[in-house]
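Student: I would like to work through this structure one question at a time. Please show it first.

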Amino acid sequence: MIPYLSDFFNLFFPKICLICSRALHMHEKHICKLCERALPRSYFHMANHNPVEKLFWGRVNIEKASSYLLYTKESKVKNILHSLKYRQQKELGYELGKIYARDLSEVNYFKNLDFIVPVPLHPRKFKERGYNQSEWIAKGLSEVLSVPLKTDLLFKSYHTSTQTRKGRYQRWENVEDVFNIVSGEKFEGCNILLVDDVLTTGATLEACAKKLKSIKDIKINVATLAYASI
Ligand SMILES: [Zn+2]
């Protein structure tokens, strides 16, 4: 759009910051500079043996792991994650993915990545929401880090074959989502970055990483937008 036309357009339909809802300046995209500066960053990528890496010790072998923001009940991160998941604000994930990637690039934190793989949603949830929020964070990371995004390697499904033989309680337990891989042999020896929105117990990422580890010589790294200590 011609600049003055875009100004004119913004006068009537101002683009707003996805975090604080203030009208954005022309050079700002999705998030205003004030909110960007105020993000509660963890700086985990600046430290050796950060809390995210330690969380996976003894569970699954991860090369490097980090989370961008610290989730606390008082911080805006709670609102960010809520908007990202339930208010159709997928661009917020994309923008924060890009901002995070710029910080990571400064110290070349994840080296020699071959692919970025978002933690998948179950197809039913994907249909309900219309998008996978982790994929949008991964998209932002992929763009700035210049590493291709891979969304068809890992998928989520239910175990259905054994359900009919189990009692009601067990069936409930069995509704736990499971992860599967497609054409894993194409990824032998690859260095992969797994991406999720928030890390709490690490159970989901552990399940994904364990599944991916069935691929020969694969290396797994982990990045999440937020970290909630429990
Ligand atoms: Zn703002």
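Student: Where in the chain is M46 placed?
Tutor: This is a predicted model. Helix α2 covers residues 33-38 and helix α3 covers 51-56. The place of M46 is the loop between α2 and α3.

Student: Is M46 buried, exposed or partly exposed?
Tutor: A residue needs 20 or more other C-beta atoms within 10 Å to be buried, and 12 or fewer to be exposed. M46 has 13 other C-beta atoms within 10 Å, so M46 is partly exposed.

Student: What distance separates the C-alpha atoms of M46 and L104?
Tutor: Along the chain, M46 and L104 are 58 residues apart. In space, their C-alpha atoms are separated by 8.8 Å.

Student: How much of the contact total comes from residues 24 or more positions apart?
Tutor: The count takes the contacts in the chain with a separation of 6 or more. Of these, the share from residues 24 or more positions apart is 73%.

Student: What is the strand order in the open sheet?
Tutor: The chain has 9 helices and 6 strands, and 4 strands form this open sheet with parallel pairing. The edge strands, each paired on one side only, are β1 (65-70) and β2 (115-118). The twist averages 20 degrees from one strand to the next. The order is β1-β6-β5-β2.

Student: How many bridges join β5 to β6?
Tutor: β5 spans residues 191-199 and β6 spans residues 219-227, and the two run parallel. One of the pairings is between L199 and its bridge partner Y227 in β6. The number of bridges joining the two strands is 8.

Student: At about what angle does α4 run to β5?
Tutor: Helix α4 (residues 77-86) lies across β1, β5 and β6. Its angle to β5 is about 110 degrees.

Student: Which residues touch the most other members of the largest nonpolar core?
Tutor: In soluble globular proteins, nonpolar side chains tend to be buried together. The largest such core here has 55 residues. At least three residues come from each of domain 1 (1-38) and domain 2 (39-227). Those that touch the most other members are L141, L193, L194, V195 and A226.

Student: What does A226 touch?
Tutor: Residues up to four places away in sequence are not counted here. With those set aside, A226 touches S67, Y68, L69, Y71, V77, L81, D197 and V198.

Student: Why does the span of α7 agree with its number of residues?
Tutor: Helix α7 (residues 133-145) has 13 residues, so at 1.5 Å a residue it should span 18 Å. This agrees with the separation of its end C-alpha atoms, 19 Å.

Student: Which elements do the buried residues of α7 pack against?
Tutor: α7 is mostly covered, with 11 of its 13 residues buried. Among them are W136, I137 and L141. The buried residues pack against α4, α5 (90-106), β2, β5 and β6.

Student: What covers the buried residues of α5?
Tutor: α5 has 17 residues and reaches 25 Å from its first C-alpha to its last, close to the 24 Å expected. Its buried residues include L92, Y94, L96 and Y100. What covers the buried residues includes β1, α4, α7 and β6.

Student: What is the phi of S146, and is this residue buried or exposed?
Tutor: Most residues other than glycine have a negative phi, and most peptide bonds are trans. S146 lies in the loop between α7 and β3, and its phi is positive, near 55 degrees. With 9 other C-beta atoms within 10 Å, S146 is exposed.

Student: Where is Q88 found, and is Q88 buried or exposed?
Tutor: The phi of Q88 is near 60 degrees, a positive value in a residue other than glycine. Q88 is found in the loop between α4 and α5. Its C-beta neighbours inside 10 Å number 12, so Q88 counts as exposed.

Student: Which residues of β3 are buried?
Tutor: In a regular strand the side chains alternate between the two faces of the sheet. Along β3 (residues 154-157), F155 and S157 point to one face and are not buried. The side chains that point to the other face, and are buried, belong to L154 and K156.

Student: What is the bridge partner of K156 in β4?
Tutor: β3 and β4 (residues 178-181) run antiparallel and are joined by 4 bridges. In β4, the partner of K156 is F179.

Definitions and conventions. Residues numbered from 1 in each chain as written. Predicted model: local features only at pLDDT ≥ 70, side-chain atom pairs only at ≥ 80, totals over all residues. Core = buried A, V, L, I, M, F, W, Y, C linked by C-beta atoms within 7 Å. Domains from an automatic or database assignment. Contact = placed C-beta atoms within 7 Å. Pairing = 2+ DSSP bridges. Axes fitted to C-alpha atoms, helices over the stretch in contact; angles between N-to-C directions. Expected span 1.5 Å × (residues − 1).
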